[in-house]
Amino acid sequence: MIIAIDGPAAAGKGTLSRLIAEHYGFHHLDTGLTYRAAAKALIDAGLPLNDEDVAQKVAGEVELADLDRTVLSKHEIGEAASKIAVMPAVRRALVEAQRSFSKRSPGTVLDGRDIGTVVCPDAPVKFYVTASTEVRARRRYDEIVAGGAPAEYDAIFADVKKRDERDMGRDDSPLKPADDAHLLDTSEMSIEAAFRAARDIIDAALKKE
Ligand code: CDP
């Protein structure tokens, strides 16, 4: 069983994915971390973010076992990740690793931007998790403030918008819902309610397997 979860920044897909993976005992891969790990490796080595050959080589060396959100969470790393994510050669290298992860037994949950459309187009269950830009910016803001760091709502709102434009506007694997994805708009839905809705859909799919 493969569960594909896509959506824009701060829509709640990470939390939802973890809840689903825990509930069903499936392996979870946050594919955003693979782009972040490649970006961090480039930054740490002092390499440029705009050389596709160099970025492809570094992306090919990303180890899924080493991915750690605490180490990769920095804002600059997210920005750099979305810049190298426009490069087809980088995507090919990372998608290969993501596809082989998706085949793990007894099942997997992958979340990202292109899971239902490109990485696992045959996944039996797909969700597209979204929320208004305002709600997503507010969540990012609350997260940063809760972590004890200073934050400015307007700057975060502008950032979320810019990231959406880059992710939705790129030529290779743009962010968009797969035709057969279930839409979950979490603007006015708690994460628990989203989880319950997702669980009903997954349970029905598991019965058919
Ligand atoms: O957590 P946040 O929403 O900031 O982003 P992320 O999931 O960590 O992903 C960082 C960046 O990687 C995104 O903005 C995308 O540009 C890129 N990405 C992608 O292109 N395809 C994926 N499957 C996952 C992430």
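This is a short tour of a predicted model, with suggestions for what to select at each stop.

**Stop 1: helix 3**

Start by selecting residues 52–60, which make up helix 3. Colour Ala 55, Val 58 and Ala 59, the buried residues of this helix. Now turn the view until you look down the axis of helix 3: the buried residues fall within an arc of 100 degrees, so they line one face of the helix.

What do those buried residues pack against? Add helix 2 (32–44) and helix 6 (88–102) to your selection, and you have the two partners.

Next, swing round to the other side of helix 3, where Asp 53, Lys 57 and Gly 60 are exposed. Before leaving, show the side chain of Asp 51, which caps the N-terminal end of helix 3. One of its side-chain oxygens lies 3.1 Å from the backbone nitrogen of Asp 53.

**Stop 2: the loop after helix 3**

Follow the chain into the loop between helix 3 and helix 4 (69–72), and pick out Asp 66. Is Asp 66 buried or exposed? Its relative accessibility is 60%, and because exposed means over 50%, Asp 66 counts as exposed.

Select Thr 34 as well and draw a C-alpha to C-alpha distance from Asp 66: the two are 9.7 Å apart in space, and 32 residues apart in sequence.

**Stop 3: Arg 91 in helix 6**

Go back to helix 6 and select Arg 91. With a relative accessibility of 4%, Arg 91 counts as buried, because the cut-off for buried is under 20%. Show the side chain of Tyr 35 too, since you will find a polar contact of 3.1 Å between it and the side chain of Arg 91.

To see the wider surroundings, leave out residues up to four places away in sequence; Arg 91 then touches Tyr 35, Ala 85, Asp 114, Arg 170, Asp 172 and Ser 173.

**Stop 4: the ligand**

Finally, select the ligand and the 17 residues around it. Which of them come nearest? They are Arg 36, Arg 91, Asp 114, Arg 163 and Asp 167, so Arg 91 from the previous stop appears again.

Three side chains are worth showing here. For Thr 31, an N or O atom of the side chain is 2.9 Å from a nitrogen atom of the ligand. Arg 69 places a polar side-chain atom 3.2 Å from a ligand oxygen. In Arg 163, a side-chain N or O atom is 2.9 Å from an oxygen atom of the ligand. Taken alone, the ligand exposes 530 Å², and the protein buries 98% of that.

Key: Residues are numbered from 1 along each chain as its sequence is written. This is a predicted model: local features need pLDDT of at least 70, side-chain atom pairs count only at pLDDT 80 or more; totals for chains, interfaces and linings use all residues. Side-chain values use heavy atoms; hydrogens and water are left out. Buried means under 20% relative accessible area, exposed over 50%, partly exposed in between (1.4 Å probe, protein chains only). Helices (H or I, at least four residues) and strands (E, at least two) are DSSP runs, numbered from the N terminus. The arc is that of the directions from the helix axis to the C-beta atoms. Contact means heavy atoms within 4.5 Å. A polar contact is a pair of N or O atoms within 3.5 Å; within protein, one must be able to donate a hydrogen and the other to accept it, and residues adjacent in sequence count only if both atoms are side-chain atoms. A residue is near a molecule or strand if one of its heavy atoms lies within 4 Å of it. Accessible areas come from the Shrake-Rupley method with a 1.4 Å probe; for residues, only the protein chains shown count as cover.
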